[in-house]
Amino acid sequence: MPIPEYYITLATLVGIYGVAALGLNITMGWAGQVNLGQAGFLGIGAMTSAILTAKLGLPVGLGIAAAALSALVVGAVMGLVSIRLREDFLAITTIAFNFLVVYIFEYYDVFGGSYGISNIPRPSIGGYELRGASYMLLTWGILALLVLLALRIQRSWMGLAFNLVRDDEQLASAVGVDVRRMKVLAFAIGAMYGGVAGALSAHFKGYIVFSDFEFPYSIAILTMSILGGLDSIAGAILGSFIVVVSPEVFRPLMQYRRVMYGVLIVVVVFFAPRGLLGKNAVARRLLERMLAGYGLGPGGKKKGEGG
Amino acid sequence: MLRLENVSKHFGGVRALDGVSLSLREGRITGIIGPNGAGKTTLLRVMAGFYKPTRGRVYYRDRDVTSLGPHERARLGIALTFQIPRAPPEFTVGQLVQAAVGKAMYRGTALLAERDREEVWDRVHRVLERVGLSDYAEREASQLPLGLQKRLELARALALEPRVLLLDEPSAGMSPEEARELAGLVRDLNEREGLTIAIVEHNVPLATGLSHYMYVLHYGRLLSEGEPGEVLRDPRVIEAYLGAGYARG
Amino acid sequence: MAEIVLQVVDGLAIGSIYAGIALGLTLVYGLLRILHIAHAGVYVVGAYTAYMVYGATGSPLASMASAMASSALLGFLINRLFYKPLLDQPRYVPLMVSIALFIIMEELVANVFGHYPKGFHVDFLSRDIGLAGATVNTRKIVVFAIVLAATLLTWALTTKTRLGVASQAAAQDAETAMTLGVRIPLIIDFNFLLGSALAGLAGFLYGYYYGVISPFMGGVVAYKGLVVIVLGGFGSVMGAYLGGIILGLVEQVMTALYPDILPREAYAFIALIALLLFRPYGIFGRREMA
């Protein structure tokens, strides 16, 4: 039985935003560097891939790789900026970054100006064009790869170094961690995830325009991260699912949908500031207790859970 | 081993250190004492790289390390314990020591190496045993009583396998008994493992009992130096302490 | 010459509206260290209150006063209901709530009054006069004068009254202030009332100046306001005022000179990034404020 197109679209979007939210978790949740401009990195990735493929005719795979790279580089620059700034200044600067990126997209023709870029090709393998369910599988495949990378980071010295930088910079440097380098890395890696997500959305929709990357999208991605739990990999995907699906759930409320979205954020942040699957979160503890009941609980606890 | 040459450190208009020259001799315990606000902690932090001196140079084994950051000095083998223990919530005692065991892993491709390996945790447990924290590896560090957190500070420093150990008020907040144990441990580290140690202490008897050589700071300047006995007989030192600390107490 | 005068007058008027918004933000930030994005929602609500009251009474004064009153009440409630319970959470938590409240207010206003801009023509001192060879509408001068007066009043309230001095002390060091018997919650309430009233005033002035208001007029302003308080140094009343005025002037002049490089809204953000790279604590800010 074929799955309706509508569900495939939703599942693809959950995958794309899952990638974006996961990147934000790395920058903000693990390394503690506030980033309120993740949509800007999506934009950089999307524009890079769209220009390379739609305008220059390069293959989509190359476009996505270039998207990752360009976002990584710009992210590293933001990371360098973050070294000089603390909390609120950094928060405002990342907001400013998002606004600026969008203004540049809007004002310069390379990025399609106010008309955007259309006819962005879909990827194809051996002459078979990926669309619908196969594009969804591609999205989730890339998400899976990026989850593996995130897991690797979480269990490595980098993961520990990120957590130390987040919680106590002096302590981090006292044990040999180069705090500045970690901030740059955390920003660059998180931005790279954003760039990949942007490229995936560009090839999914076939058309992008500056307003697709405006600041409210950064807030939506941040909402996903916080909803799921800023320090949880699974949480990023769950958060993406909830935020992508909620407009559909709120659809009967018609014009009050965006109001409900605001209410959702307030309710979540008020009652579960650590997110649904974050450390010590209610849902996580319930889940662990259930799993433990079946003898499946996390056994390696004595070696300390990863960030 | 570690040498300061004419070091000054100013914070805004305040001169925390003013032209201090001193050296930590290899394999010795050097005590640094002085009344409140004398600049003792600032001095240790300049040695460890947390503060850049406003003027003057810092040498480590005849190499100028003035421009190196704290993480680079930690990797070179200069370990600092903080006066107020650093134990962020959600870290276990073991994880904090593990963080220091990994000092060489925070660069290049080593960054992505798996950190929960048997040999890493063996080292963690050896260090914890050394300071008597074996039973606490899985406890959340911030929940421990202050005395144990102070030991954790020492454990984290030792996990760096340092050549120079800088102890900032290690006995503050400890009971007399704990302080005695600590003194034994510090002496042991020096005698058996040949560690070069600098100790900043409020507890003057503890510092004089441990040190081979002492420096006395007063208002950011070096007031006196010498063997512990000499220093304590120095009339300038007696006056500084009587004037500043003991008279009120 | 006439061209320059025109641009400067426009820049001063727009800058005054920015300043009015930034004053409230800086009062809140100085005490609570919350990036109060919802302030822009308070500003929008103020503008629509002014619009309704003006429609009902036809009195500019009643319109302005009602905008200030409704905004003050709203800001006060936001603090009591939403910020107060979240003060011990990580910093991004109240920030998220603030952004969400802003979305909610914006959308509610749009749903109640319609998504499209509404004409709001206040008949008050609105004529063209000659000024150094240019024709200038007196509204612009009125906007400038009112905000300048409000700023001076705020400055006096925060530096010359006992409550204001206490508030300054609390902003510097809450713990010490508390031991000296300063009642922090009272001061926070005071700052929210005052700051939000100023946002309402700015909302009224926006309508008065442009002759039109829209549910989304707070959009970019919400974030530009943050830029202004960074430019002025967090927590400083005069800094916020000057930051707003300077931003208004820079935008106006840059857009007039180089219309094709970037939209006017971009300059605030460029200025911010440039400033933070060279003076990470703001033009007038001190190190301790960060």
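Begin with chain B of this predicted model and select its open sheet of 4 strands, which has the order 2-1-4-5 and antiparallel pairing. Strands pair here if DSSP finds at least two bridges between them; strands (E, at least two residues) and helices (H or I, at least four) are DSSP runs, numbered from the N terminus. Residues are numbered from 1 along each chain as its sequence is written, while chains are lettered from A in the order in which they are written. Because the model is predicted, local features need pLDDT of at least 70 and side-chain atom pairs count only at pLDDT 80 or more, whereas totals for chains, interfaces and linings use all residues.

Next, select residues 14-24 and 63-64 of chain B. These are strand 2 and strand 5, the edge strands, each of which pairs on one side only.

Turn then to strand 1 (residues 2-11) and strand 4 (residues 55-60) of chain B, which run antiparallel and are joined by 5 bridges. To see one bridge, display R3(B), whose partner in strand 4 of chain B is Y59(B).

Add helix 1 (residues 40-48) of chain B, which lies across strand 1, strand 2 and strand 4 of chain B. Helix 1 runs at about 120 degrees to strand 1 of chain B, where axes are lines fitted to C-alpha atoms, for helices over the stretch in contact, and angles run from 0 to 180 degrees between N-to-C directions.

Now move along chain B to strand 9 (residues 213-218) and strand 10 (residues 221-226), an antiparallel pair joined by 5 bridges. H218(B) has R221(B) as its bridge partner in strand 10 of chain B. The hairpin of these strands has 2 residues between them, and Y219(B) takes a positive phi near 45 degrees.

The contacts between chains follow. Show chains A and B together: 22 residues of chain A are in contact with 31 residues of chain B, contact meaning that C-beta atoms, placed from the backbone, lie within 7 Å. On the chain A side, helix 5 (133-155), helix 6 (157-167) and helix 7 (169-174) each give two or more residues. Helix 6 of chain A provides the largest share, 6 residues.

Finally, replace chain B with chain C. This contact takes 31 residues from chain A and 32 residues from chain C. Helix 4 (87-107), helix 9 (215-228) and helix 11 (257-271) of chain A each supply at least two residues to the side touching chain C, and helix 4 of chain A gives the largest share, 13 residues.

Conventions: Contact = placed C-beta atoms within 7 Å.
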